[in-house]
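Open the model in your viewer and keep the selection panel at hand. The stops below are given in the order to select them.

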Amino acid sequence: MATTMMADVKARAATPAGPPEHFAARVAGRLVAALGQAMLYATTNGDHQQPVPAMDLRQAAEAVSGLGLAIHEAPPDGQIVTVGADVVAWTRTTLRVFGDQLRAGTWSSCPCGEQHGQRDTDAAVLAAVNNDLLLLPTPGPDNTSG
Ligand SMILES: [Zn+2]
């Protein structure tokens with residue numbers, strides 16, 4: 001089943017909306033970590049229970065799988081990872097939503113209602129997400145979906 005899913009992801013990645021992008025393996029790993037934090041925050045803040053969720057968790061999960069598969073398929077001697085344009089777009093969209101929610105204060109690392117230092121944590125995470133977004137190529141005029 002996992003193999004089917006991976007093949008499915010691979011098939012979609014083979015027909016991207018633009019040329020594939022190349023990343024250093026450590027950058028791809030960093031993006032996977034950022035997507036994990038984005039999904040963690042979305043879940044912690046009950047985004048999926050909202051009438052209109054801010055984050056498309058399905059896209060975020062596809063991005064995680066796509067990046068993980070790209071890291072797995074990197075040449076054994078290489079540090080360069082090739083990622084489909086669709087996976088890059090899903091990553092960008094997810095991290096932008098994450099950053100927007102943090103900036104607006106809509107999402108918190110702990111939404112319990114009390115203040116016990118999570119604003120500092122959230123500010124640090126927002127700074128990290130802004131840096132992570134700089135790792136992604138800016139979409140060209142033909143790829144504005146992100
Ligand atoms: Zn709390």
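Select helix 2 and helix 3 together: helix 2 passes helix 3 in a left-handed crossing. In this predicted model, helix 3 covers residues 57–72, and its axis comes within 10 Å of that of helix 2, the two crossing at roughly 155 degrees. Angles over 145 degrees count as roughly antiparallel, so helix 2 is roughly antiparallel to helix 3.

Now show the side chains at this contact. On helix 2, pick A25, A28, G29, L31, V32, L35, A38, M39 and A42. Their counterparts on helix 3 are L57, A60, A63, V64, L67, G68, A70 and I71.

Next, select helix 5, residues 118–134. How far apart are its end C-alpha atoms? They are 24 Å apart, which agrees with the span of 24 Å expected for 17 residues at 1.5 Å a residue.

Colour V125, V129 and D132, the buried residues of helix 5. Then turn the view to look down the helix axis: these buried residues fall within an arc of 55 degrees, so they line one face of the helix. On the other side of helix 5, the exposed residues are R119, D120, A123, A124, A127, N131 and L134.

What covers the buried residues of helix 5? Add helix 2 (25–44) and helix 4 (85–104) to the selection; the cover includes both.

Step off the end of helix 5 to L135, which lies in the segment after that helix. Is L135 partly exposed or buried? L135 has 16 C-beta neighbours inside 10 Å and therefore counts as partly exposed; 20 or more would be needed for a residue to be buried.

Display the contacts of L135, leaving aside neighbours within four places in sequence: they are V27, R30 and L31. For a distance label, use the C-alpha atoms of L135 and V27, which are separated by 7.3 Å although the two residues are 108 residues apart along the chain. L31 is also among the helix 2 residues that make the contact with helix 3.

Finally, zoom out to the whole protein. Five helices and two strands are present, and along the sequence they follow the pattern α-β-α-α-β-α-α. Colour by burial, and 29% of the 146 residues count as buried. Of the contacts between residues at least 6 apart in sequence, 77% join residues at least 24 apart.

Terms used:
Residues are numbered from 1 along each chain as its sequence is written. This is a predicted model: local features need pLDDT of at least 70, side-chain atom pairs count only at pLDDT 80 or more; totals for chains, interfaces and linings use all residues. Helices (H or I, at least four residues) and strands (E, at least two) are DSSP runs, numbered from the N terminus. A residue is buried if 20 or more other C-beta atoms lie within 10 Å of its own, exposed if 12 or fewer, and partly exposed in between; C-beta atoms are placed from the backbone. Two residues are in contact if their C-beta atoms, placed from the backbone, lie within 7 Å. The expected span of a helix is 1.5 Å times one less than its number of residues. The arc is that of the directions from the helix axis to the C-beta atoms. Axes are lines fitted to C-alpha atoms, for helices over the stretch in contact, and angles run from 0 to 180 degrees between N-to-C directions. Angles under 35 degrees count as roughly parallel, over 145 as roughly antiparallel, 65 to 115 as roughly perpendicular and the rest as oblique. A crossing is left-handed if the near helix is turned anticlockwise from the far one by less than a right angle, and right-handed if clockwise.
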